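Let's take a quick walk through this chain, from its overall build down to what sits inside. Have the viewer open as you read.

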Amino acid sequence: MAIRVMTDGGADYPAEWKKEGVVHCIPLYVTFGGKRYEDVQGEPDFYDMMKTHSELPKTASPSPEDFLRAFALYPDDDILLILLSSSLSSTYAHARLAKEMAEETGVRSGRIEVIDSLTASLGTGLLLFRALEDIRAGHSFDDIVRRSGSRVKHTRTVFYLDTLENVIKGGRLDRTKGTIASVLSIKLVMQASEAGEVEVTDKVRGRKNALIRLIDKLEDARHGLEEKVLGIAHSNCLEEAVALKDRILQRYPFRHTIITDMGPVIGTYAGERGLLVCYN
């Protein structure tokens with residue numbers, strides 16, 4: 001019996017994790033301009049299309065049946081699902097329902113545990129990374145579930161939007177106010193709250209000032225850095241993500257760093273040149 005780690009399309013993480021088979025992803029459905037984007041990261045044309053369309057891509061959660069099909073692939077394995085915040089998507093609720101349905105059939109010998117990450121993107125991805133470390137270290141399934149649940153409380157996710165266009169298109173910001181803010185070069189710094197919701201923490205003029213504010217928000221990471229992992233996700237701006245990593249590590253020497261693209265689910269709301277920073 002093995003331990004299997006699963007997630008959904010709201011999580012971002014290095015593509016090699018899936019290629020190596022260490023993470024099984026149940027994708028969210030993203031449709032845009034007649035094309036379906038499920039599990040594709042870092043496609044520049046996705047962002048180019050968003051610039052020219054008046055509406056955002058449509059996103060939809062995987063159904064309970066999607067989760068059941070994934071469970072059926074590993075009937076003898078213990079499965080740990082770490083999923084997109086339940087405050088942002090119905091994915092977690094659908095996975096919980098699928099777990100109950102799978103257990104009622106009695107055909108599985110392996111167990112299923114579902115964890116609400118209370119975050120998204122690479123914030124969820126870092127929880128996956130730490131769970132994979134626990135598996136390699138030989139921890140039991142019960143211990144991995146307990147440790148993963150505890151880390152949710154200690155995972156911090158902050159991010160920066162370079163453009164307000166998608167926030168306007170999504171109806172989260174009045175178009176007139178959004179246009180004025182864009183002309184004034186207002187940038188939003190946001191974070192995942194303790195309840196797993198997205199909240200604006202700062203409105204700053206200019207990208208330079210916004211990135212300074214973003215780095216400042218990592219101040220509470222100073223303690224126990226030898227145990228913490230830094231994650232940076234970007235929407236089509238790898239060079240800027242690497243430069244941000246270098247600036248952060250000059251101030252906060254995390255033990256390990258992960259950089260990855262944002263997938264289409266998170267990229268839909270972040271827009272191009274968005275940057276997300278997280279740690280646990």
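What follows is a short report on the fold, the surface and the cores of a predicted model.

## Overall build

This is a mixed chain, with 11 helices and 13 strands. Its radius of gyration is 19 Å, close to the 19 Å that the globule rule gives for 280 residues, so the chain is as compact as a globular protein of that length. Lay the C-alpha trace along its principal axes and you get spans of about 60 × 45 × 30 Å.

How much of the chain links up over long stretches of sequence? Among contacts with a separation of 6 or more, 74% are between residues 24 or more positions apart.

## Inside and outside

Of the 280 residues, 52% are buried. On the outside, the chain exposes about 12,800 Å², and carbon and sulfur atoms supply 50% of that area.

As for charge, there are 37 positive and 41 negative side chains. The centres of the two sets lie 5 Å apart.

## The cores

The largest nonpolar core holds 43 residues, and W17, L80 and L128 are the ones that touch the most other members. Helix α5 (residues 121–136) gives this core its largest share, seven residues. Apart from this core lies another one, made of 22 residues, including V189, A210, L230 and Y252.

Now zoom in on L128. Which residues does L128 contact, leaving aside its neighbours within four places in sequence? The list runs V5, M6, T7, A11, Y13, W17, V23 and I82.

Conventions: Residues are numbered from 1 along each chain as its sequence is written. This is a predicted model: local features need pLDDT of at least 70, side-chain atom pairs count only at pLDDT 80 or more; totals for chains, interfaces and linings use all residues. Side-chain values use heavy atoms; hydrogens and water are left out. Helices (H or I, at least four residues) and strands (E, at least two) are DSSP runs, numbered from the N terminus. The radius of gyration is taken over C-alpha atoms; the globule rule is 2.2 Å times the number of residues to the power 0.38. Buried means under 20% relative accessible area, exposed over 50%, partly exposed in between (1.4 Å probe, protein chains only). Contact means heavy atoms within 4.5 Å. Accessible areas come from the Shrake-Rupley method with a 1.4 Å probe; for residues, only the protein chains shown count as cover. Lys and Arg count as positive and Asp and Glu as negative; His and the chain ends are not counted. The place of a charge is taken as NZ of Lys, CZ of Arg, CG of Asp or CD of Glu. A nonpolar core is a set of buried Ala, Val, Leu, Ile, Met, Phe, Trp, Tyr and Cys residues joined through side-chain atoms within 4.5 Å.
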